[in-house]
Amino acid sequence: MARYGYAFESEIGSSLYALDQSGEVELFYEKLVDTHAYDRGVWCPHCRERIKSNMMTPKCIADFVVVWGKSHTTFIECKSSRNERGLPIRNVARHQREFSLRIEYFGVPYWFVLNDRRVERHYKAYAIRAFELDDWIATRQKRGIGKYLPWNEMEIKAMNIERVKGQLWDLKPLFAGA
């Protein structure tokens, strides 16, 4: 299975770096290591060879944690798809939905940044808060109307993230009030 999400995660990381360097938003961010990062094994610190094992790795709560302003924290989870119908609901794992809702319960913003990669060089991205995404998924599942979050509905339900020069995204709206 091809993993297109890594390219989008890299773009979001570069966008956070550019936003930090611009000085428009004072922030510190960290990329959290994903469980899939261990799928190909890890490097032995002594002999520098790859060790392939069935390691038990913890579930990761998000792709990025961002501390901004003087005392604000935001979590960002990146999802991308080339599917013509929309983002497959199965791409949002149950533990991610549970973690995101628990984090939002305590008043910390948790953003799912969803990337439409259907058309080469004309990518679109949308941001939606965790509780809104969970309501949307629950509504679609109750009605039994598909296994996807359609791209045309996403334009209505989620905030559009603008693409800027250099394969970057304008993430300033995620930090409104900074």
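The following conversation works through a predicted model of one protein chain.

Student: To begin, how many helices and strands does the protein chain have?
Tutor: The model is predicted, and its protein chain has four helices and 12 strands.

Student: What share of the 178 residues counts as buried?
Tutor: In this chain, 39% of the 178 residues count as buried.

Student: And of the contacts between residues at least 6 apart in sequence, what percentage join residues at least 24 apart?
Tutor: That percentage is 63%.

Student: Let us turn to the interior. How many residues are in the largest nonpolar core?
Tutor: The largest nonpolar core has 21 residues. Ile12, Ile76, Leu171, Leu174 and Phe175 have the most contacts inside this core.

Student: Which elements each supply at least two residues of this core?
Tutor: They are helix α1 (5-22) and the strands β4 (64-68), β5 (72-81), β7 (110-116) and β8 (124-129). The largest share comes from α1, with four residues.

Student: Is there a separate core as well, and which residues does this second core include?
Tutor: A second, separate core of 20 residues includes Val65, Phe75, Ile103 and Ile128.

Student: Back to the largest core. Where is Leu171 found?
Tutor: Leu171 is in the segment after β12. Its relative accessibility is 2%, so Leu171 counts as buried.

Student: What does Leu171 contact, leaving aside neighbours within four places in sequence?
Tutor: Leu171 is in contact with Ile12, Ser15, Leu16, Leu19 and Ile161. Ile12 and Leu171 are 159 residues apart along the chain, and their C-alpha atoms are separated by 8.3 Å.

Student: With which residues is Phe175 in contact, on that basis?
Tutor: Beyond its neighbours within four places in sequence, Phe175 contacts Leu16, Leu19, Val25, Leu27, Val66, Trp68, Thr74 and Ile76.

Student: Now a tryptophan. In which strand is Trp111, and is Trp111 buried or exposed?
Tutor: Trp111 is placed in strand β7. Trp111 counts as buried because its relative accessibility is 11%, and the cut-off for buried is under 20%.

Student: What does Trp111 touch, not counting residues up to four places away in sequence?
Tutor: The residues touched by Trp111 are Thr74, Phe75, Ile76, Glu77, Ala127, Ile128, Arg129, Met159 and Leu174. For one of these, Arg129, the C-alpha to C-alpha separation from Trp111 is 4.7 Å, at 18 residues apart in sequence.

Student: Different topic: the packing of α2 and α3. What is the angle, and how far apart are the axes?
Tutor: Helix α2 (residues 94-105) and helix α3 (residues 130-143) pack at an angle of about 135°, and their axes are 9 Å apart. The two helices are therefore oblique to each other. The crossing of α2 past α3 is left-handed.

Student: Which residues make the contact?
Tutor: On α2 they are Arg97, Ser100, Leu101 and Glu104, and on α3 they are Ala130, Phe131, Asp134, Ile137, Ala138 and Gln141. By class, the contact has five nonpolar, two polar and three charged residues.

Student: Ser100 of helix α2: buried or exposed?
Tutor: Ser100 is buried, with a relative accessible area of 1%. Not counting residues up to four places away in sequence, Ser100 touches Tyr110, Phe112 and Ala130.

Student: Next, Leu87. In which strand does Leu87 lie?
Tutor: Leu87 lies in strand β6 (residues 86-88), and at 0% relative accessibility Leu87 counts as buried. Among the residues touched by Leu87 are Ser81, Leu114, Tyr148 and Trp151. Leu87 and Trp151 are 64 residues apart along the chain, with 7.3 Å between their C-alpha atoms.

Student: And Ser81, where is its place?
Tutor: Ser81 is in strand β5. Ser81 is buried, at a relative accessible area of 6%. Its contacts, beyond residues up to four places away in sequence, include Leu87, Asn91, Asp116, Arg118 and Trp151.

Student: Finally, what is the phi of Gln167?
Tutor: Phi of Gln167 is near 55°, a positive value in a residue other than glycine. Most residues other than glycine have a negative phi. Gln167 is placed in the loop between β11 (163-164) and β12 (168-169).

Student: Is Gln167 buried or exposed there?
Tutor: At 53% relative accessibility, Gln167 counts as exposed.

Definitions and conventions:
Residues are numbered from 1 along each chain as its sequence is written. This is a predicted model: local features need pLDDT of at least 70, side-chain atom pairs count only at pLDDT 80 or more; totals for chains, interfaces and linings use all residues. Side-chain values use heavy atoms; hydrogens and water are left out. Axes are lines fitted to C-alpha atoms, for helices over the stretch in contact, and angles run from 0 to 180 degrees between N-to-C directions. Angles under 35 degrees count as roughly parallel, over 145 as roughly antiparallel, 65 to 115 as roughly perpendicular and the rest as oblique. A crossing is left-handed if the near helix is turned anticlockwise from the far one by less than a right angle, and right-handed if clockwise. Contact means heavy atoms within 4.5 Å. Ala, Val, Leu, Ile, Met, Phe, Trp, Tyr, Cys and Pro count as nonpolar, Asp, Glu, Lys and Arg as charged, and the others, Gly among them, as polar. Buried means under 20% relative accessible area, exposed over 50%, partly exposed in between (1.4 Å probe, protein chains only). A nonpolar core is a set of buried Ala, Val, Leu, Ile, Met, Phe, Trp, Tyr and Cys residues joined through side-chain atoms within 4.5 Å.
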